[in-house]
Amino acid sequence: MLPFARNDLNAIVLGRDLGAVVEVVPKVFLITLFGYFTIVLGGELWRLKLGLGIRKMTISVLEIGPACSRMLMASRNFLMLQSMLGLLLQALLLSFYFSQNGFGFDLRQYTLAHPELRPVALLISTYSVVIASHCVARYYDTKERVLLISALALTFGLLFFGSRSNILTIYINFFLCYLILRRSRIGLFRLATTIFVIVLFGLYLGSVRAGKYSLMQFFEVLVALLFYGNTFSDLRDFSWVYSHWNHVSWGGKTYLAAIGAFVPRFASEFRDTWGLGVVTATTVGFDPHVHPGLRPGVFGEGYFNFSWIGVTVIGLMLGVIYKRVDLDVKKALISPHPSMMRAFASTMLLGVAGALAITAGFSGLYILTLIYVFSWVFLQVLHLVAPRQFASTQAS
């Protein structure tokens, strides 16, 4: 939102950096706009058929994630088992957090001060998000209430983790699929109202995370939070980092740090220097052990590493994946027998694409892979132990 990114009220967050940031906002806006044009171009490239087998190979690769998600949703009992495991892990971690820090809603901030706990919290939160979102998708098709209860219970536990994006991630892909499925029955007013409520909840959760529970005070500063806070701040944060950047290319170092995301930051000097959250925080002068880092949008990391080439590659990749997901979801939902599970399974590619574009979430790909592998092994064992029951469950 360019007009808001250049407004003087950004001094609430930027302080003395306001002038430098406002000066570079127009260039950053053009970089971002160019990136979105490359996304559109990437979507059009999906239509090309060169006869070289590239399209067929890409389809095979992109099918791996959705196939694994469909496998994960194949058994209600298996999802229930994983939900109980997620709740148990949440309870253990939160019990430790409350005992050490008192009751609160910002486990993320606590783990910044105690980095040895950060990988554990990341594993449990990502595991909870993946299982809860799959429960919601299967519930819509099967109406098995126990799955909805499980998803809500996992969501409640995540409230204390202090990351609003985790909670949003559980429901956002399902919500997008639902909009497509009910596109002819949902009016603009109803859609706008729903989005407004979601935004309000997210902003209020941010206030709760900071220890401010008063609804009256929240509504008094609502406009400032909405336009000048840290919720919708990608363009501003990109500009903030750009204004302090020494214009020396990062040379792919944040991507290399992301590939090594299975190594905790406290155990790797390279990751503790070049992780995206670390380098964006240190660039603007923050302590990365206190501040989680800034969000330079979808194209910021690509630009700082490889300039316009990085922006182009990221945009084309996102365009191809978005187009593939768009076709898969519509095929699954706009049919005589619509399937929310099949549609939702395809949307898991959006998370993969996001982690590749913004590597701060790259560790989630490793965790997702572990969940898929664990699920496959468990289901294979179940097939050997109780083949008839397994076959019956798969058929249902």
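Is D326 buried, partly exposed or exposed? In this predicted model, D326 is partly exposed, because its relative accessible area of 27% is not under the 20% that marks a buried residue and not over the 50% that marks an exposed one.

The surroundings of D326 are a good place to begin, since its side chain meets that of K330 in a salt bridge, with 3.1 Å from N to O. K330 is also partly exposed, at 36% relative accessibility. The two residues are 4 residues apart in helix 18, and therefore they are separated by about one helical turn. Side chains of opposite charge can pair when their charged atoms come close.

Helix 18, which covers residues 297-333, holds another pair with this spacing, for R324 and D328 both lie in it, 4 residues apart, or about one turn of the helix. Their side chains meet in a salt bridge as well, at 3.2 Å from N to O. Here, however, R324 counts as buried at 16% relative accessibility, and D328 counts as buried at 14%, because buried means under 20%.

A search of the whole structure finds 5 salt bridges, and one of them joins E63 to R70, whose closest N and O atoms are 2.4 Å apart. E63 counts as partly exposed at 28% relative accessibility, and R70 is likewise partly exposed, with a relative accessible area of 24%.

We can turn next to the shape of a helix. Helix 3 runs through residues 18-45, and at 1.5 Å a residue its 28 residues should span 40 Å, which agrees with the 40 Å that separates its end C-alpha atoms. Along helix 3 there is nevertheless a kink of about 45 degrees at V25, shortly before the proline P26.

Two further places show how a residue's surroundings can be described. The residue S83 is found in helix 6, which covers residues 76-101, and S83 is buried, with a relative accessible area of 1%. When residues up to four places away in sequence are not counted, S83 touches I131, C135, S150 and L154.

W376, by contrast, has its place in helix 20, residues 363-385, and at 48% relative accessibility W376 counts as partly exposed, because this value does not pass the 50% limit for an exposed residue. Together with V373, V377, V381, L384 and V385, W376 forms a nonpolar patch on the surface, and the accessible area of these residues together is about 620 Å².

Key:
Residues numbered from 1 in each chain as written. Predicted model: local features only at pLDDT ≥ 70, side-chain atom pairs only at ≥ 80, totals over all residues. Heavy atoms only, no water. Expected span 1.5 Å × (residues − 1). Bend = angle between axes of the 7 residues up to and from the residue. Buried < 20%, exposed > 50% of the residue type's maximum accessible area, 1.4 Å probe, protein only. Contact = heavy atoms within 4.5 Å. Patch = residues over 30% accessible without salt bridge, like charges linked within 9 Å, V, L, I, M, F, W, Y side chains within 5 Å. Areas by Shrake-Rupley, 256 points an atom, 1.4 Å probe, with all protein chains shown as cover. Salt bridge = Lys/Arg side-chain N within 4 Å of Asp/Glu carboxyl O.
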